[in-house]
Amino acid sequence: MRNLITTLRLALCSLPLLVGCGQQQFPGEQPVFPIEGVVTVDGKPVENIQIALHPAGDLNDEKPFYPQGFTDAEGNVKVSTYADGDGAPAGDYRVTFVLKEYNLLSRSFTGPNRLSAQYADSAKTPITLSVGPDQSNDLGKLDFESN
């Protein structure tokens, strides 16, 4: 009997989490799709490469969004729009990458970009990504040379 009560309590506590999966948290949010990819520099994974997805078309002026994220210690890409690691709304993007030193005191990235400047400029980056339900949503494996 005690196990049944414990199981029912867990089920009731988990219900709000299950109901919320895949749904928008706030009105006007667009569905998002997880982004995959691995980024290395000189053949080695680097943590905290800043990644930003810039919409290739017109911006939604009413509800603008700015998908961005970082690489982890293994170089895996993690992009967020509304929540940690949720991905990006469907669309075509130009993808920028910046690698700077993280300053613990100021809690910000400082110093020169250790990647080629073309990857930091949304108008010049050669990296593009189409995101959507029928897309791979995968940047693949990218290897940059350090400056």
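## A nonpolar core and the sheet around it

The largest nonpolar core in this chain holds 24 residues, and the ones with the most contacts inside it are Ile 35, Ile 49, Leu 53, Val 95, Phe 97, Val 131 and Leu 139. Two or more residues come from each of these elements: strand E2 (36-41), strand E4 (50-55), E6, E8, E11 and strand E12 (138-144). That fits a general habit: in soluble globular proteins, nonpolar side chains tend to be buried together. Keep in mind that this is a predicted model.

Ile 35 is a good place to start looking around. Setting aside residues up to four places away in sequence, Ile 35 touches Val 77, Val 79, Gly 87, Ala 88, Leu 129, Val 131, Asn 137 and Leu 139.

Stepping back, the protein chain has one helix and twelve strands, with the helix leading and the strands following in the pattern α-β-β-β-β-β-β-β-β-β-β-β-β. Of its 147 residues, 29% are buried. Among contacts with a separation of 6 or more, 66% link residues 24 or more positions apart. The chain exposes about 9,800 Å², and carbon and sulfur atoms supply 53% of that.

Now for the sheet. Five strands make up an open sheet in the order E6-E5-E4-E8-E11, with antiparallel pairing. Strand E6 (77-80) and strand E11 (128-131) sit at the edges with a single partner strand each, so one side of each has no neighbour in the sheet. From one strand to the next, the twist averages 30 degrees.

Here are some of the pairings, each with one pair of facing residues:

| Strands | Bridges | Facing residues |
|---|---|---|
| E4 and E5 (residues 68-71), antiparallel | three | Gln 50 opposite Phe 70 in E5 |
| E5 and E6, antiparallel | four | Gln 68 opposite Ser 80 in E6 |
| E8 (residues 91-98) and E11, antiparallel | four | Gly 91 opposite Val 131 in E11 |

The hairpin of E5 and E6 has five residues between the strands, and Gly 75 there takes a positive phi near 85 degrees.

Is Ser 80, on edge strand E6, buried or exposed? Ser 80 has 18% relative accessibility, so it counts as buried, the cut-off being under 20%. Its side chain has polar company too: it reaches the backbone oxygen of Ala 83 at 3.5 Å, and one of its polar atoms lies 2.6 Å from the backbone nitrogen of Gly 85. Beyond neighbours within four places in sequence, Ser 80 is in contact with Tyr 66, Pro 67, Gln 68, Gly 85, Asp 86 and Gly 87. Gln 68 in that list is also the residue that stands opposite Ser 80 in the E5 and E6 pairing.

Two loop residues deserve a look for their backbone angles. Asp 42, in the loop between E2 and strand E3 (44-45), has phi near 55 degrees, a positive value in a residue other than glycine. Asn 137, in the loop between E11 and E12, is not a glycine either, yet has a positive phi of about 55 degrees. As for cover, Asp 42 is partly exposed, with a relative accessible area of 44%, whereas Asn 137 is buried, with a relative accessible area of 7%. Asn 137 also brings us back to the starting point, since it is among the residues that Ile 35 touches.

Note on methods: Residues are numbered from 1 along each chain as its sequence is written. This is a predicted model: local features need pLDDT of at least 70, side-chain atom pairs count only at pLDDT 80 or more; totals for chains, interfaces and linings use all residues. Side-chain values use heavy atoms; hydrogens and water are left out. Two strands pair if DSSP finds at least two bridges between them. Axes are lines fitted to C-alpha atoms, for helices over the stretch in contact, and angles run from 0 to 180 degrees between N-to-C directions. A nonpolar core is a set of buried Ala, Val, Leu, Ile, Met, Phe, Trp, Tyr and Cys residues joined through side-chain atoms within 4.5 Å. Buried means under 20% relative accessible area, exposed over 50%, partly exposed in between (1.4 Å probe, protein chains only). Contact means heavy atoms within 4.5 Å. Accessible areas come from the Shrake-Rupley method with a 1.4 Å probe; for residues, only the protein chains shown count as cover. A polar contact is a pair of N or O atoms within 3.5 Å; within protein, one must be able to donate a hydrogen and the other to accept it, and residues adjacent in sequence count only if both atoms are side-chain atoms.
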